Structure formats: structure tokens, C-alpha cells
Amino acid sequence: MAPRADAVRNRERVLAAARAAFADLGGDAPMEEVARRAEVGMGTIYRHFPDKEALLVAVLDQRSQVSLAWVDEALEHPDPWEGFALLFGRLAQEFAEDRSLVEVARLRRRTDEAESYRQLVAGTQRVIDRAQRAGVLRLGIDADDVPALLAVAWEPPWVEDEQERWSTYVEVLLDGLRRPGPGG
């Protein structure tokens, strides 16, 4: 039996409010704040998501769906390094705009429940493999390393409230990831 239309609308409202609350406040955003922003009661949230982690995973799943197209662009780019750098930069932009992604990267739990996130990780691995085969990306890096690298780029421990600096950190990370030598 299909869910009622109002239940579907409420779920979407909760997800939109959660995206906004987590983007603004990070994973520490209280569920009460999500309910307030969604203009629903706490019971409505818990009918759809048993806990905050499940809500974070659902937000991650939605964000990952958007990012999947970037994998295809990266794989279609004629230059394997530029394809990797394009994907890495776009993912970094996502991290810069949404603190919840940093939180999920830190949790690194339950992300296997987000189907599009699994697809994004697999696609990112294909982009990495292609760049490594071309000899332009350091060996020893895989898709599981990307969220941690992006979290470091966006929120380094020695800088407070300087979100604008993330692009500089991404450039430094990319320089460090590029394989030295004739291919890189």
C-alpha cells in the first residue's frame, strides 16, 4: 500500500528542514530544531526516522543523488587528473555548503544504508582508479579516504569560522594527491 500523500509531504518537509538545520548547525542540530523548521511535531519526525543518525543518512542519500552526475562528468573528462580534480572540487564545495556532510564523514556509520551514497563511493573509486592507472594520482588513496580529506579541507582544527578558506585547502590537498613524476 502506498503511503498517504500527507505522510509523503511531511517526510519531504522533515528532510528539507533537516538539510537546512544540519547545513547551518552541523550534526549537533537538535531534532527539536528540525521539527520547528519543518513545522511538524516530534512524533512526525520519529515516524519517518527512528533517530538522528537515520535522518542524517537520509539527508546524505539525497545529497549523494545530486553528486552522482559529477562522477559521470569526471569519467568522461579526457584528462584523468582533471576529471579527478573536478570531482574532488565539487565534492569539497558540497562539504563547504553543508556541515552535515562533515558530520556524516566523521560518523562513518550507517552510510551503507544510503543507496546513492554507495553508488557515489563506487563511482568515486572508478574516477580514482582511472587517475591512478594514468599515473597522475598517488597510489594508496581510495574512495574511503575522500570524506576524511574533504572534512579536513573544510574544517581544519587550527582555523575557526573561516569557511572561505576551504578552497585554498582543497588546492593544497590536490597538490599533495597528485603523483609526482613524469605522469603527474
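The following legends describe close-up views of a predicted model of a single chain.

**Figure 1. Overall view of the helical chain.** The secondary structure of this predicted model consists of nine helices and zero strands. Along the sequence, the elements follow the order α-α-α-α-α-α-α-α-α. The chain has 184 residues, and 47% of them count as buried. Among contacts with a separation of 6 or more, 70% join residues 24 or more positions apart. The accessible surface of the chain amounts to about 9,700 Å², and carbon and sulfur atoms account for 50% of that area.

**Figure 2. The largest nonpolar core.** This core contains 27 residues, of which Trp-81, Phe-84, Phe-88 and Leu-177 touch the most other members. At least two core residues are supplied by each of α4 (52-76), α5 (80-97), α7 (115-133), α8 (146-154) and α9 (166-177). Helix α5 provides the largest share of the core, with eight residues.

**Figure 3. Surroundings of Phe-84, and a second core.** With residues up to four places away in sequence left out, Phe-84 touches Val-127, Ile-128, Ala-131, Leu-137, Leu-174 and Leu-177. Separate from the largest core is a second one of 19 residues, which includes Val-14, Leu-15, Ala-17 and Ala-54.

**Figure 4. Packing of helices α4 and α7.** Two packed helices are described by the angle between their axes and the distance between the axes. For α4 and α7, the axes come within 8 Å and cross at roughly 25 degrees. Angles under 35 degrees count as roughly parallel, and α4 and α7 are therefore roughly parallel to each other. The crossing in which α4 passes α7 is left-handed. On the α4 side, the contact is made by Leu-60, Asp-61, Ser-64, Gln-65, Ser-67, Leu-68, Val-71, Ala-74 and Leu-75. On the α7 side, the contributing residues are Glu-115, Ser-116, Tyr-117, Gln-119, Leu-120, Gly-123, Thr-124, Arg-126, Val-127 and Arg-130. Val-127 of α7 also appears in the previous legend as a residue that Phe-84 touches.

**Figure 5. Packing of helices α1 and α2.** Helix α1 (residues 5-25) packs with α2 at an angle of about 125 degrees, and the two axes are 8 Å apart. This angle makes α1 oblique to α2. The crossing in which α1 passes α2 is right-handed. From α1, the residues Arg-13, Val-14, Ala-17, Ala-18, Ala-20, Ala-21, Phe-22, Asp-24 and Leu-25 take part. They meet Glu-33, Val-34, Arg-37 and Ala-38 of α2. Val-14 and Ala-17 of this contact are also among the residues of the second core.

**Figure 6. The loop residue Glu-39.** Glu-39 is found in the loop that connects α2 (31-38) and α3 (42-48). Most residues other than glycine have a negative phi. Glu-39, although not a glycine, has a positive phi of about 60 degrees. The relative accessible area of Glu-39 is 63%. Because residues over 50% count as exposed, Glu-39 is exposed.

**Figure 7. Gln-93 and Ser-167.** Gln-93 lies in helix α5, the helix that also gives the largest share of the largest nonpolar core. At a relative accessibility of 32%, Gln-93 counts as partly exposed. Gln-93 and Ser-167 are 74 residues apart along the chain, while their C-alpha atoms are separated by 8.1 Å.

Notes: Residues are numbered from 1 along each chain as its sequence is written. This is a predicted model: local features need pLDDT of at least 70, side-chain atom pairs count only at pLDDT 80 or more; totals for chains, interfaces and linings use all residues. Side-chain values use heavy atoms; hydrogens and water are left out. Helices (H or I, at least four residues) and strands (E, at least two) are DSSP runs, numbered from the N terminus. Buried means under 20% relative accessible area, exposed over 50%, partly exposed in between (1.4 Å probe, protein chains only). Contact means heavy atoms within 4.5 Å. Accessible areas come from the Shrake-Rupley method with a 1.4 Å probe; for residues, only the protein chains shown count as cover. A nonpolar core is a set of buried Ala, Val, Leu, Ile, Met, Phe, Trp, Tyr and Cys residues joined through side-chain atoms within 4.5 Å. Axes are lines fitted to C-alpha atoms, for helices over the stretch in contact, and angles run from 0 to 180 degrees between N-to-C directions. Angles under 35 degrees count as roughly parallel, over 145 as roughly antiparallel, 65 to 115 as roughly perpendicular and the rest as oblique. A crossing is left-handed if the near helix is turned anticlockwise from the far one by less than a right angle, and right-handed if clockwise.
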